[in-house]
Amino acid sequence: MKEQLIKAMQRNQFLNMMYMDKDGKVSKKRIKIIKIVGDSFQAYCFNRQAKRTFMIDSVLAVVPVFHKEREVVC
């Protein structure tokens, strides 16, 4: 998982993440990774609109967010 997070950070990607908190609650978050330090990482969480720290071991899944631009058809 750490390798996926490093690649996403290097590519400046937005991610959809499934995360389990310390109480076992699973949530979906949209994030952009700022830095990775040891077993945790700091990311901007678009759900909370704030910088948050997450534990790498608590990440269940990550999927890159791809934005498609709409074409105007005349």
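These are my notebook entries on one chain, read from its sequence and its structure.

**Entry 1. Overall layout**

I noted at the outset that the model is predicted. I then looked up the elements of the chain and found 1 helix and 5 strands. Starting from the N terminus, I read their order as α-β-β-β-β-β. The chain has 74 residues, and 28% of them count as buried. I also looked up the accessible surface, which comes to about 5,800 Å². Carbon and sulfur atoms hold 49% of that surface. For the contacts in the chain with a separation of 6 or more, I recorded that 41% are between residues 24 or more positions apart.

**Entry 2. The sheet**

I next asked in what order the 5 strands lie in the sheet. The order is 4-3-2-1-5, the sheet is open, and the pairing is antiparallel. Strand 4 and strand 5 (59–64) are the edge strands, since each of them pairs on one side only. Between neighbouring strands I found an average turn of 45 degrees, direction ignored.

I then followed strand 1 to its partners. Strand 1 and strand 2 (residues 26–37) run antiparallel and are joined by 7 bridges. Within this pairing, phenylalanine 14 has lysine 32 in strand 2 as its bridge partner, and methionine 20 has valine 26. Strand 1 is also joined to strand 5, by 5 bridges and again antiparallel. Here I noted that methionine 18 has alanine 61 of strand 5 as its bridge partner.

**Entry 3. The helix and the core**

Which strands does helix 1 touch? Helix 1 (residues 2–10) packs on the sheet and touches strand 1, strand 2, strand 3 (40–45) and strand 5. I recorded an angle of about 70 degrees between the direction of helix 1 and that of strand 2.

I looked up the largest nonpolar core and found 15 residues in it. Those with the most contacts inside this core are Leu5, Leu15, Met17, Ile31, Ile33, Phe41 and Phe54. Helix 1, strand 1, strand 2, strand 3 and strand 5 are the elements that give two or more residues to the core. I set beside this a general remark: in soluble globular proteins, nonpolar side chains tend to be buried together.

I chose isoleucine 31 for a closer look. Not counting residues up to four places away in sequence, isoleucine 31 touches Gln13, Phe14, Leu15, Met17, Phe41, Ala43, Tyr44, Cys45, Phe46 and Phe54.

**Entry 4. Aromatic pairs**

How many aromatic pairs does the whole structure hold? The search finds 4. One of them joins tyrosine 19 and phenylalanine 54 edge-to-face, at 5.0 Å centre to centre and with 75 degrees between the planes. Tyrosine 19 lies in strand 1 (residues 14–20) and phenylalanine 54 in strand 4 (residues 50–55), so this pair ties together parts that are 35 residues apart in sequence. I checked both residues for exposure. Tyrosine 19 is buried, at a relative accessible area of 9%, and phenylalanine 54 is buried too, at 3%.

A further edge-to-face pair is formed by tyrosine 44 and phenylalanine 46, at 4.9 Å centre to centre and 75 degrees between the planes. Are these two residues buried, partly exposed or exposed? Tyrosine 44 is partly exposed, with a relative accessible area of 28%, and phenylalanine 46 is partly exposed at 33%. I also found that Phe14, Tyr44 and Phe46 form one aromatic cluster.

**Entry 5. Serine 40**

I located serine 40 in strand 3. Its relative accessibility is 18%, so serine 40 counts as buried, the cut-off being under 20%. Leaving aside neighbours within four places in sequence, I listed the contacts of serine 40 as Thr53, Phe54, Met55 and Ile56.

**Entry 6. Positive phi values**

Finally, I looked for positive phi values. In the hairpin of strand 1 and strand 2, with 5 residues between the strands, glycine 24 has a positive phi near 90 degrees. Asparagine 12 is not a glycine, yet its phi is positive at about 60 degrees. I placed asparagine 12 in the loop between helix 1 and strand 1. Glutamine 49, also a residue other than glycine, has a positive phi near 55 degrees. Where does glutamine 49 lie? I found glutamine 49 in the loop between strand 3 and strand 4, and at 62% relative accessibility it counts as exposed.

Technical notes:
Residues are numbered from 1 along each chain as its sequence is written. This is a predicted model: local features need pLDDT of at least 70, side-chain atom pairs count only at pLDDT 80 or more; totals for chains, interfaces and linings use all residues. Side-chain values use heavy atoms; hydrogens and water are left out. Helices (H or I, at least four residues) and strands (E, at least two) are DSSP runs, numbered from the N terminus. Buried means under 20% relative accessible area, exposed over 50%, partly exposed in between (1.4 Å probe, protein chains only). Contact means heavy atoms within 4.5 Å. Accessible areas come from the Shrake-Rupley method with a 1.4 Å probe; for residues, only the protein chains shown count as cover. Rings of Phe, Tyr and Trp (its six-membered ring) pair if their centres lie within 6.5 Å; planes under 30 degrees apart count as stacked, over 60 as edge-to-face and the rest as tilted. Two strands pair if DSSP finds at least two bridges between them. Axes are lines fitted to C-alpha atoms, for helices over the stretch in contact, and angles run from 0 to 180 degrees between N-to-C directions. A nonpolar core is a set of buried Ala, Val, Leu, Ile, Met, Phe, Trp, Tyr and Cys residues joined through side-chain atoms within 4.5 Å.
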